[in-house]
Amino acid sequence: MEDETIINNDNVIRFNQMVIHPYLIVLYPQSEFTQIPLEKGTIILGRGQGADIRFDDELVSRRHCALSFDGQNVTVEDLGSTNGTFVDGNFVHKQILDSDNRLQIGKMVLKVAYKDPSEEAFSRELYEAATMDSLTGILNRKAFMDRSAGELVFARRNNSFIHIIMIDVDDFKRVNDSWGHQCGDLILKEVARQLNDEKRDSDLLCRYGGEEFLLLMSGISPEDAKKRAEKLRSTIERHIFSWMDTIIPVTISLGLVSQEGSNVTQINELIAESDRLLYVAKNCGKNQVATD
């Protein structure tokens with residue numbers, strides 16, 4: 001028997017008689033993580049007193065956008081907001097949302113999920129598992145990409161700088177080959193901890209993949225961003241990494257790209273440029289910062 005989807009009048013979707021509710025989930029800022037059940041009809045998202053769901057974000061308009069649930073689909077519609085409504089980084093006027101989409105208004109990152117209410121008790125644990133890198137305990141790549149969208153919108157709106165740093169552990173293959181992968185994992189965890197301790201609370205840090213990390217900074221000048229990048233480099237160089245009573249020298253190379261206001265491009269373009277600059281640092285001898 002084929003799967004059967006039934007749309008009811010009780011604000012739920014029944015899939016093979018399993019009740020599925022749509023929820024609006026706040027992904028970023030992490031401190032505001034919440035799940036809001038969506039009823040059939042239309043709600044207003046915004047900063048003002050008249051909004052059905054209020055967000056205390058200066059980049060969110062008083063009546064920013066509307067979410068409508070017709071019993072089958074959730075649709076977002078921009079209400080003439082000052083800073084725009086974005087889905088997966090693209091400005092939209094009106095669009096149906098699926099569970100893979102990321103909705104950005106101001107600095108807020110949200111998603112719509114359809115799920116069985118019995119799952120709700122586990123959602124926090126699932127959220128942590130979905131957003132944090134299991135080895136290092138910092139953000140994973142996908143969570144970083146989700147959260148960076150609001151930072152880019154803020155920089156464009158306020159004509160401020162955004163900075164992306166690609167960070168790579170030098171000669172990491174040699175560490176794994178010489179001391180084993182357990183040692184390599186310890187090095188990565190300790191590098192992540194040092195970087196996380198040095199970053200500001202407002203900065204975004206993630207493990208991008210393998211021995212690569214990404215850091216997003218805003219609200220400072222390119223000169224200050226370079227100073228902070230250099231401090232990260234020197235912190236790792238000075239730190240004592242040891243394995244089985246053996247001191248292991250560890251350094252990092254960094255590629256720093258800075259853009260301002262209307263010149264701020266999409267996050268993938270910023271990452272690609274920071275990656276290019278990282279290889280400049282590598283080719284010039286490693287253990288250094290390359291900037292544009």
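**Close-up 1. Helices α3 and α4 are oblique to each other in this predicted model.** An angle between 115 and 145 degrees counts as oblique, and helix α3 (residues 172–179) packs against helix α4 (residues 181–198) at about 140°, so the pair falls in that class. The axes of the two helices lie 7 Å apart. On the side of α3, the residues in contact are Phe-172, Val-175, Asn-176 and Trp-179, and in α4 they meet His-181, Cys-183, Gly-184, Ile-187 and Leu-188. Sorted by class, this contact of α3 with α4 comprises six nonpolar and three polar residues, with no charged residue taking part.

**Close-up 2. The lining of the largest cavity draws on strands β5 and β7.** The structure holds one cavity of 30 Å³ or more, and the space in the largest cavity comes to about 40 Å³. Its lining is formed by Leu-38, Glu-39, Gly-41, Thr-42 and Ile-43, together with Leu-67, Ser-68 and Phe-69. Strands β5 (41–46) and β7 (65–69) each contribute at least two of the lining residues, and by class the lining is made up of four nonpolar residues, three polar residues and one charged residue.

**Close-up 3. A salt bridge joins the side chains of Asp-168 and Lys-282.** The distance from N to O in this pair is 2.5 Å. Asp-168 belongs to strand β14 (residues 161–169), whereas Lys-282 belongs to helix α6 (residues 267–283), and the pair thereby links distant parts of the chain that are 114 residues apart. In total, the structure holds 15 salt bridges.

Technical notes. Residues numbered from 1 in each chain as written. Predicted model: local features only at pLDDT ≥ 70, side-chain atom pairs only at ≥ 80, totals over all residues. Heavy atoms only, no water. Axes fitted to C-alpha atoms, helices over the stretch in contact; angles between N-to-C directions. Helix = DSSP H or I, 4+ residues; strand = E, 2+ residues; numbered from the N terminus. Parallel < 35°, antiparallel > 145°, perpendicular 65-115°, else oblique. Contact = heavy atoms within 4.5 Å. Nonpolar A, V, L, I, M, F, W, Y, C, P; charged D, E, K, R; others polar. 1 Å grid on protein atoms, 1.4 Å probe; cavity = no way out; pocket = protein on both sides within 12 Å on 5 of 7 lines; lining within 4 Å. Points joined across faces, edges and corners; volume = space filled by probe spheres on them. Salt bridge = Lys/Arg side-chain N within 4 Å of Asp/Glu carboxyl O.
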